[in-house]
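This report describes selected features of one molecular structure, beginning with its strand arrangement and continuing with an aromatic pair and a pocket.

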Amino acid sequence: MIELLNKYKKVYLLVGLSLLAALIFYSLHLKNREHAGPLERSVMNVMAPASKLGSAGNGFFSGLWSDYLDLVNIRRENKELRRIIKLYSARETESREALMANERLKSLLELKTSTQVPSLAAGVIGEDGSPWFKTLFLDRGAAEGLQEGMPVVAVDGVIGRLVKVAADSSRVLLLTDHASGIAAVVQRSRARGVVKGAGDGRCSLEFTLRDEDVKVGDVIVTSGIGGGFPKGLKVGEVTMVKKGAYGIFQTVEVRPAVNISRLEEVLVLLQQTYD
């Protein structure tokens, strides 16, 4: 192709100059003539396809550029819409959490009013599930007046007692721990016993005589005897009763009233002994 161009470059140059001269001549005499002559018509016939091709090319590339700009704008708009959706989703989640926290605190306030005992609300900040102790960590401590031995309750019932108190935090021994013991009574029959922790989220009602009336489904509440917990707080529900052939006590299993794994706020009773 290059050799061909070099061979006929003089011819191509001469043709190009002739067309250019004709075009200039045509342009200069166009305004002075009403009708085109043979030369002018020839130039117009030669230039018309090139003009159409150039116009079509300009339209094609102009369309491509316009489509490209549209795609860029759409991508930018989609990115902004995704950002707005994420923002509103985060705000919706925050609002839902605030609403749920408000409901929990409202219930805790009702419990605080109904117990008629000085108390302090605290948040659960940790959990210790070691083989020896089952405890929770709270975000309140001695700086707010907390002391070891104080009862800890939730809306659904008893949780346990404070066993370690630091300046700004404290530890709760759960009622399900083997070291825990709470004086209790069967709400229906008034049969007495001590709720002991059995581990694995379970409890048992100990020292209940064989002839006492205890049935599956009975509610166990604090008796208020011996101090510690006020009378009438829910501890749990009887799930199994077994009376052996020997011995003076019956075996009673109790399911705690509170789901410890879902606790977020608790109430610490600031009074340790009750009349």
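In this predicted model, a barrel is closed by 6 strands that follow the order 1-2-5-4-3-12, with antiparallel pairing. From one strand to the next, the twist averages 45°. One of the pairings joins strand 3 (residues 151-154) to strand 12 (residues 265-269), antiparallel and over 2 bridges. Within this pairing, V153 has L267 of strand 12 as its bridge partner.

The structure also holds 1 aromatic pair. F207 and F249 meet edge-to-face, with 5.8 Å from centre to centre and 80° between the planes. The angle counts as edge-to-face because it is over 60 degrees. The pair links distant parts of the chain, its two residues being 42 residues apart. F207 belongs to the loop between strand 8 (202-206) and strand 9 (219-222), whereas F249 belongs to the loop between strand 10 (234-242) and strand 11 (251-256).

The accessibility of the two rings' residues is set out below.

| Residue | Relative accessible area | Class |
|---|---|---|
| F207 | 52% | exposed |
| F249 | 37% | partly exposed |

F207 is classed as exposed because its value of 52% is over 50%.

The second largest pocket encloses about 190 Å³ of space. Its lining consists of 15 residues, and L174, T176, G201, I260 and S261 are those nearest the pocket centre. By class, the lining of this pocket comprises 4 nonpolar, 7 polar and 4 charged residues.

Technical notes: Residues are numbered from 1 along each chain as its sequence is written. This is a predicted model: local features need pLDDT of at least 70, side-chain atom pairs count only at pLDDT 80 or more; totals for chains, interfaces and linings use all residues. Side-chain values use heavy atoms; hydrogens and water are left out. Rings of Phe, Tyr and Trp (its six-membered ring) pair if their centres lie within 6.5 Å; planes under 30 degrees apart count as stacked, over 60 as edge-to-face and the rest as tilted. Helices (H or I, at least four residues) and strands (E, at least two) are DSSP runs, numbered from the N terminus. Buried means under 20% relative accessible area, exposed over 50%, partly exposed in between (1.4 Å probe, protein chains only). On a 1 Å grid over the protein atoms alone, a cavity is a set of points where a 1.4 Å probe fits but cannot get out, and a pocket is an open set with protein on both sides within 12 Å along at least five of seven lines; lining residues have an atom within 4 Å of a point. Grid points are joined across faces, edges and corners, and a volume is the space filled by probe spheres set on the points. Ala, Val, Leu, Ile, Met, Phe, Trp, Tyr, Cys and Pro count as nonpolar, Asp, Glu, Lys and Arg as charged, and the others, Gly among them, as polar. Two strands pair if DSSP finds at least two bridges between them. Axes are lines fitted to C-alpha atoms, for helices over the stretch in contact, and angles run from 0 to 180 degrees between N-to-C directions.
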